[in-house]
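Hello,

Here is the structure I promised to pass on to you. Have a look at it first, and then read on for what turned up in it.

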Amino acid sequence: MAAELHVALVAADREVWSGEATLVVARTTSGDIGVMPGHQPLLGVLESGPVTIRTSEGGTVVAAVHGGFISFADNKLSLLAEIAELSDEIDVQRVERELERAKAEGDAAAERRADVRLRAAASR
Amino acid sequence: MGAQLRVYKRRIRSVTATKKITKAMEMIAASRVVKAQRKVAASTPYATELTRAVTAVGTGSNTKHPLTTQAETVVRSAVLLLTSDRGLAGAFNSNAIKAAEQLTARLEAEGKQVDTYIVGRRGLAHYNFRERKVAESWSGFTDEPSYADAKKVAGPLIEAIEKDTAEGGVDELHIVFTEFVSMMTQTALDDRLLPLSLDEVAKESAPKGEILPLYDFEPSAEDVLDALLPRYVESRVYNALLQSAASKHAATRRAMKSATDNAGELIETLSRLANAARQAEITQEISEIVGGSAALADATAGSDR
């Protein structure tokens with residue numbers, strides 16, 4: 001059996017995804033970070049970006065995460081995000097409309113959020 | 001129909017209509033309590049993980065942060081009071097307001113200035129009516145608060161605490177909300193949110209003397225704490241908002257239940273009175289008829305003679 005780590009992806013108002021995984025890649029403020037089982041305890045600040053979880057069944061879960069933390073200890077990884085959406089929950093058309101609106105209004109943060117969502121949705 | 005009877009009938013009709021309304025409100029509130037409780041439960045994983053992370057940074061590093069260090073002399077404190085937008089919830093709002101007033105009095109006795117922040121129209125109306133100063137207020141989401149609402153509330157508070165006291169910032173942040181203990185019990189309580197005492201947080205998150213691992217901080221302990229603490233405040237405010245909403249619905253349910261019961265009692269009394277009035281009317285009619293026919297019989301008997 002391959003080594004596994006337990007992942008919990010938690011948004012402020014719900015638990016988005018939890019399960020066993022072999023690799024988690026997330027974007028922190030100082031760059032992308034990959035966590036595999038047995039990683040040293042870690043606590044980092046996440047940036048708005050996609051999170052990729054390779055599950056132990058061989059599948060891949062992609063989620064768009066906006067603002068939050070990654071914490072890893074005892075082979076348990078928690079991804080805390082204010083807003084987190086799995087790639088298959090994302091409504092592409094709605095996000096595209098949001099992106100256009102954000103561009104029109106010059107709202108850089110909203111534009112970035114929409115962009116992250118679109119990229120997460122594209123990778124499903 | 002006699003006048004008396006008609007009045008009773010009319011009152012019964014109006015009370016029955018009121019009873020229907022209160023019954024409906026009771027049922028709506030009951031279903032909302034369940035929904036609100038579910039939301040409280042759904043927000044728990046985030047809150048626990050966040051608390052764990054805060055404890056990890058707080059105990060795992062010697063970082064000093066304005067949000068965790070106690071000011072030497074507290075000049076000004078902020079009190080955040082959570083009430084509801086709508087009434088019809090028994091003593092829910094007055095209990096919360098009373099708790100806030102007690103806290104304010106206590107803080108003022110300690111020589112601190114108090115800035116009041118209010119969520120919910122009821123609390124705001126109470127303060128405005130008494131012409132007391134309110135630093136900031138929010139309303140319109142107390143029935144079903146979202147995380148974005150909590151962020152909106154927490155934002156100015158965090159800003160105020162980060163500002164220097166001389167420039168109008170605050171040194172302490174207290175929150176007054178109604179804790180949802182159970183369907184039957186909700187208690188208004190006050191809690192000091194900031195400055196955070198990490199020992200207490202640690203006690204809450206690791207009650208079994210669990211030793212926290214030595215974390216590697218990315219990018220640095222200070223930056224992590226900087227980012228964590230506002231989130232921690234937001235999540236605490238969010239939790240308080242959700243509990244307050246659940247408590248409000250439970251209080252409404254209870255208030256509406258007793259209103260429905262009272263209406264039922266009133267209907268019973270009124271229909272007894274209406275029945276008595278009807279009986280009295282019938283008795284009177286019979287005695288009038290008997291009296292009339294007796295008089296007639298007497299008159300005809302007299303003419304025969």
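Which elements of chain B do the buried residues of α3(B) pack against? They pack against β1 (76-82), α2 (92-109) and β2 (113-119) of chain B. Please keep in mind as you read that this is a predicted model.

**Chain B, helix α3**

Helix α3 of chain B covers residues 121-129. Its buried residues are Arg121(B), Arg122(B), Gly123(B), His126(B) and Tyr127(B). If you follow the chain just past α3(B), you come to Glu131(B), which has a positive phi of about 55°.

**Chain B, helix α4**

Helix α4 of chain B is made of 16 residues, 147-162. At 1.5 Å a residue the helix should span 22 Å, and the C-alpha atoms at its ends are 22 Å apart, so the two values agree. There is still a bend to look for: α4(B) has a kink of about 30° at Ala154(B), shortly before the proline Pro156(B).

Ala154(B) is also one of the buried residues of α4(B). The others are Tyr147(B), Ala150(B), Val153(B), Leu157(B) and Ile161(B). When you look at how they are spaced, it helps to recall that an α-helix has 3.6 residues a turn, so residues three or four places apart point the same way.

**A loop residue in chain B**

Thr68(B) sits in the loop between α1 (3-60) and β1 of chain B. It counts as partly exposed because it has 18 C-beta neighbours inside 10 Å, and 20 or more would make a residue buried. Phe180(B) is 112 residues away from Thr68(B) along the chain, and 27 Å separate their C-alpha atoms.

**Chain A as a whole**

Chain A has 2 helices and 7 strands. Read from the N terminus, the order of its elements is β-β-β-β-β-β-β-α-α. Its radius of gyration is 15 Å, close to the 14 Å that the globule rule gives for 124 residues, so chain A is as compact as a globular protein of that length. Along the principal axes, its C-alpha atoms fill a box of roughly 50 × 25 × 25 Å.

Of the 124 residues in chain A, 38% are buried. Among the contacts in chain A with a separation of 6 or more, 53% are between residues 24 or more positions apart.

**Where the chains meet**

The contact between the chains involves 24 residues from chain A and 24 residues from chain B. On the side of chain A, the elements that give two or more residues are β1 (5-11), β2 (14-28), β4 (42-46), β6 (60-73) and β7 (76-86). The largest share comes from β4(A), with 4 residues. By class, this side of chain A has 12 nonpolar, 7 polar and 5 charged residues.

Strand β4(A) also pairs across the chains: 3 bridges join it to strand β6 (residues 216-218) of chain B, and the two run parallel. Within this pairing, Leu42(A) stands opposite Asp216(B).

Ile33(A) is a good residue to end on, and you will find it in strand β3 (residues 31-35) of chain A. Leaving aside neighbours within four places in sequence, Ile33(A) is in contact with Ala26(A), Thr28(A) and Gly44(A), and also with Glu218(B). With 17 C-beta neighbours inside 10 Å, Ile33(A) counts as partly exposed. The C-alpha atoms of Ile33(A) and Val51(A) are separated by 9.9 Å, the two residues being 18 residues apart along the chain.

Enjoy exploring it, and best wishes!

Definitions and conventions
Residues are numbered from 1 along each chain as its sequence is written. Chains are lettered from A and ligands numbered from 1 in the order in which they are written. This is a predicted model: local features need pLDDT of at least 70, side-chain atom pairs count only at pLDDT 80 or more; totals for chains, interfaces and linings use all residues. The expected span of a helix is 1.5 Å times one less than its number of residues. The bend at a residue is the angle between axes fitted to the seven residues ending there and the seven starting there. A residue is buried if 20 or more other C-beta atoms lie within 10 Å of its own, exposed if 12 or fewer, and partly exposed in between; C-beta atoms are placed from the backbone. Two residues are in contact if their C-beta atoms, placed from the backbone, lie within 7 Å. Ala, Val, Leu, Ile, Met, Phe, Trp, Tyr, Cys and Pro count as nonpolar, Asp, Glu, Lys and Arg as charged, and the others, Gly among them, as polar. Two strands pair if DSSP finds at least two bridges between them. The radius of gyration is taken over C-alpha atoms; the globule rule is 2.2 Å times the number of residues to the power 0.38.
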